[in-house]
Amino acid sequence: MAKVYIATDVLGFFAVDESGNLVDKELYERKPELVATRLLELEKSNPVQELLKFVERLREKAEKIVVEDPELARKLVAAVRGVDIVAESPSPVLVAFRQNFPKYLPTIGLNWDEYRNLLFEVSDLVTRLKLRQAVEKRDLFIAQAISTLDDVDKILNLIASRVREWYGLHFPELEELVRDNKEYVKIVYYLGHRSKISEDSLKKISPDLPEERLKRIVEAAKKSIGAEMTEWDLDQLKSYADVFLKLDAYRESLATYIDEAMKEVAPNIRELVGPLLGARLIKLAGGLTRMAFLPASTIQVLGAEKALFRALRTGGKPPKHGVIFQYPEIFRSPRWQRGKIARALAAKLAIAAKADAFTGNFIAPRLKEELMKRIQEVKTLYAKPPPKAPQPAAKAPPPPPPRRGEGGRRPPPRRERRR
């Protein structure tokens, strides 16, 4: 036999000749879960064990085997030696076979209703497995984690604001002396009453505080004009401060989790912009795979969609950057350089996302080197702000219309009012 065609179905594999006659078949076990997993593997162009067994048997009957998936044909050639396997899509022979498929069912021992019920059950399982695989992608977990981190930051700011206002009744001078929220809450939780504030006690809870500021805090505590607070009042405030410290510790562990997850899921993006900014970009894009398909111009304005659509609607200037403004080389640069640096960064992020989503190759060092080189070029070429565009000369206002009686016209005669 010169050539056979292999058709794939929920029942298994069927080989037909050029006239459409059934030559051989290899059926799956009648287990819907097994069939669903096999179909998912074939969808990824991976040969399953039933297909390999079938091809091994067919190479003794035919000189050439035809399948519909070119990638599957390539993998079969590598897996089964000594057989000529080619791809033909669409294949007229296999199209005709599927159109006349009901007439082959009696040879398998099935009627049309039984086949349709099996097809429905397997299709339902395939859909469920695809949904599960989509949800199990780690990039979606990272997106939820970075959203949680933002929520925690908002709550921490609210608690710190309330603790400052509450403790400010007792020690108002501390508000200006300690700007860091965590340091402030530590002083409230561990020391409490301002009479317990000393240089030694402050050094124990905040070793990084400068010596000069330590003395100023101690001096302010001695001369404070704040109201007295009893231990009963301070206990409630300390309990609230304890909530802040525990939530801050959870935030640190959450940031560590995001960093470790980004190392596994998107190492190139993490190396370029850091774990937190990279996770925000993945969240805004809707996942790593979707980000990989986005053009660099879209990645550049992720997070600034409202400003972009407003500019498109009103005809104003579009935004030059979105959330990537958090990248240090952008927000530390002069205003006229930020757009060019953001464009260069977005181009490298687009490449990094494709590498993370599809190949898994770690190319971040090369991308980062090229990015730094481009940033240095921008800083050199555009060191000075561009000259301001000349303003168009203001048009002279039109002359006022002539009053009645001017311009060579005789005024109309006045009419006397009749009495």
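Which residues does Leu51 touch, not counting residues up to four places away in sequence? Select Leu51 in this predicted model and display its surroundings. The contacts to look for are Ile6, Phe13, Leu42, Leu72 and Leu76, with residues up to four places away in sequence left out.

Next, widen the selection. Leu51 belongs to the largest nonpolar core, a set of 43 residues. Within this core, Leu51 shares with Ile6, Leu11 and Val55 the place of touching the most other members. Now color helix H1, residues 32–43. H1 supplies five residues, the largest share of this core.

Move on to a second core. Another core, of 42 residues, lies apart from the largest one. To find this second core, select Leu277, Leu288, Ala350 and Ile363, which are among its members.

Now go to helix H19, residues 335–359, and pick out Gln337. Is Gln337 buried or exposed? Gln337 has a relative accessibility of 3%, so it counts as buried; the cut-off for buried is under 20%. Show the side chain of Gln337 and the backbone of Tyr382. The Gln337 side chain reaches the backbone oxygen of Tyr382 at 2.8 Å. Then add the other neighbors. Beyond residues up to four places away in sequence, Gln337 touches Val378, Lys379, Tyr382 and Ala383.

Last stop: a helix pair. Select H7, residues 138–167, together with H12, residues 231–265. Their axes come within 9 Å and cross at roughly 155°. Because of that angle, H7 is roughly antiparallel to H12. Turn the view to see how the pair crosses. The crossing of H7 past H12 is left-handed.

Terms used. Residues are numbered from 1 along each chain as its sequence is written. This is a predicted model: local features need pLDDT of at least 70, side-chain atom pairs count only at pLDDT 80 or more; totals for chains, interfaces and linings use all residues. Side-chain values use heavy atoms; hydrogens and water are left out. A nonpolar core is a set of buried Ala, Val, Leu, Ile, Met, Phe, Trp, Tyr and Cys residues joined through side-chain atoms within 4.5 Å. Buried means under 20% relative accessible area, exposed over 50%, partly exposed in between (1.4 Å probe, protein chains only). Helices (H or I, at least four residues) and strands (E, at least two) are DSSP runs, numbered from the N terminus. Contact means heavy atoms within 4.5 Å. A polar contact is a pair of N or O atoms within 3.5 Å; within protein, one must be able to donate a hydrogen and the other to accept it, and residues adjacent in sequence count only if both atoms are side-chain atoms. Axes are lines fitted to C-alpha atoms, for helices over the stretch in contact, and angles run from 0 to 180 degrees between N-to-C directions. Angles under 35 degrees count as roughly parallel, over 145 as roughly antiparallel, 65 to 115 as roughly perpendicular and the rest as oblique. A crossing is left-handed if the near helix is turned anticlockwise from the far one by less than a right angle, and right-handed if clockwise.
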